[in-house]
Amino acid sequence: MEQSWKSLLKEEFESDYFSTLREFLVEERKNHIIYPPGSLIFKAFDETPVPKVKAVILGQDPYHGENQAHGLCFSVNDGIKIPPSLKNIYKELDADLGIQEPSSGNLTAWAKQGVLLLNATLTVRKANAGSHQGKGWEQFTDTAIRKLSDERTKLVFLLWGKYAQNKESLINKNNGHLILKAPHPSPFSAYTGFLGCKHFSQSNAFLQSNGIEPINWNLNTQ
């Protein structure tokens, strides 16, 4: 894991619950295929060091299909069909900022610019959604959110859907963060308020008003 995060989360790695989580993953790998690959489990942290974070987007679980998950929430590897929720994220980008839908669902370029794309659970068993929930990952990622919001000021937190919005209590309200909430971009809820939320332009307006370079959300130019 990238050094700034390793330092911030040092106590978690040394905790009993994380040892238990490690043991669980070792056993899982003996009998099942686990996504994402081991080297990509902490990709969200590796691509977006603590001092570089500008915005945080929270997801719930990695994709459980072959070659989909690569350690960033909502993102898929190049060459993989764009999932429905990400399709709606791209629709909102177009409506909000006039950015045409990219051909790829790979969001690494956002992560490199300071968008922490963090799932609450960082692994999953192939073809078994939610199979690694309640094993310790949530405690780990909750701590990451809390410590990040304590360590930094004037970040944007994009909370899409009830699951992500339940994480609002972890965010330090005294550090000048912007919290943006909307329904989840899933086809089941996107039309109840996600589409039209204008979170991308609001994020950049907030960053610019605080003297922070805005995010280039246009994946077609990166």
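## A walk through rings, helices and loops

In this predicted model, the count of aromatic pairs comes to 18, taking ring centres within 6.5 Å as a pair. A pair of aromatic rings is described by the distance of the centres and the angle of the planes. Take Y17 and F18 as an example: their ring centres lie 6.3 Å apart and their planes meet at 80°, an edge-to-face pair. Both of these residues are buried. Y17 and F18 also belong to a cluster, linked by ring pairs, whose other members are W5, F13, F42, F45, W137 and F140.

Let us turn to the helices. Two packed helices are described by the angle between their axes and the distance between the axes. Helix α5, covering residues 84-97, packs against helix α9, covering residues 199-209, at an angle of about 60° and with the axes 8 Å apart. Because of that angle, α5 is oblique to α9. On the α5 side the contact is made by I89, E92, L93, D96 and L97, while α9 brings H199, F200 and S201. Sorted by character, the residues of this contact comprise 4 nonpolar, 2 polar and 2 charged ones.

Stay with α9 for a moment, as N204 lies in this helix. N204 has a relative accessibility of 11%, so it counts as buried. Leaving aside residues up to four places away in sequence, N204 touches P214, I215 and W217.

Now for the loops. I171 sits in the one between α8 (162-165) and β6 (178-182). Is I171 buried or exposed? With a relative accessibility of 4%, it counts as buried. Apart from residues up to four places away in sequence, its contacts are I145, S149, F157, L159, H177 and I179. For a sense of distance, pick out V26: its C-alpha atom is 32 Å from that of I171, and the two residues are 145 places apart along the chain.

Some loops hold backbone details that are worth finding in the structure. In the loop between β1 (34-35) and α4 (43-47) you will meet P36. The peptide bond that leads from Y35 to P36 is cis, with omega near -10°.

Further along, N67 is part of the loop between β2 (55-59) and α5. Although N67 is not a glycine, its phi is positive, at about 65°. N67 has 47% relative accessibility and therefore counts as partly exposed. K198, in the loop between β6 and α9, is not a glycine either, yet has a positive phi of about 55°. At 42% relative accessibility, K198 counts as partly exposed.

Note on methods
Residues are numbered from 1 along each chain as its sequence is written. This is a predicted model: local features need pLDDT of at least 70, side-chain atom pairs count only at pLDDT 80 or more; totals for chains, interfaces and linings use all residues. Side-chain values use heavy atoms; hydrogens and water are left out. Axes are lines fitted to C-alpha atoms, for helices over the stretch in contact, and angles run from 0 to 180 degrees between N-to-C directions. Helices (H or I, at least four residues) and strands (E, at least two) are DSSP runs, numbered from the N terminus. Angles under 35 degrees count as roughly parallel, over 145 as roughly antiparallel, 65 to 115 as roughly perpendicular and the rest as oblique. Contact means heavy atoms within 4.5 Å. Ala, Val, Leu, Ile, Met, Phe, Trp, Tyr, Cys and Pro count as nonpolar, Asp, Glu, Lys and Arg as charged, and the others, Gly among them, as polar. Rings of Phe, Tyr and Trp (its six-membered ring) pair if their centres lie within 6.5 Å; planes under 30 degrees apart count as stacked, over 60 as edge-to-face and the rest as tilted. Buried means under 20% relative accessible area, exposed over 50%, partly exposed in between (1.4 Å probe, protein chains only).
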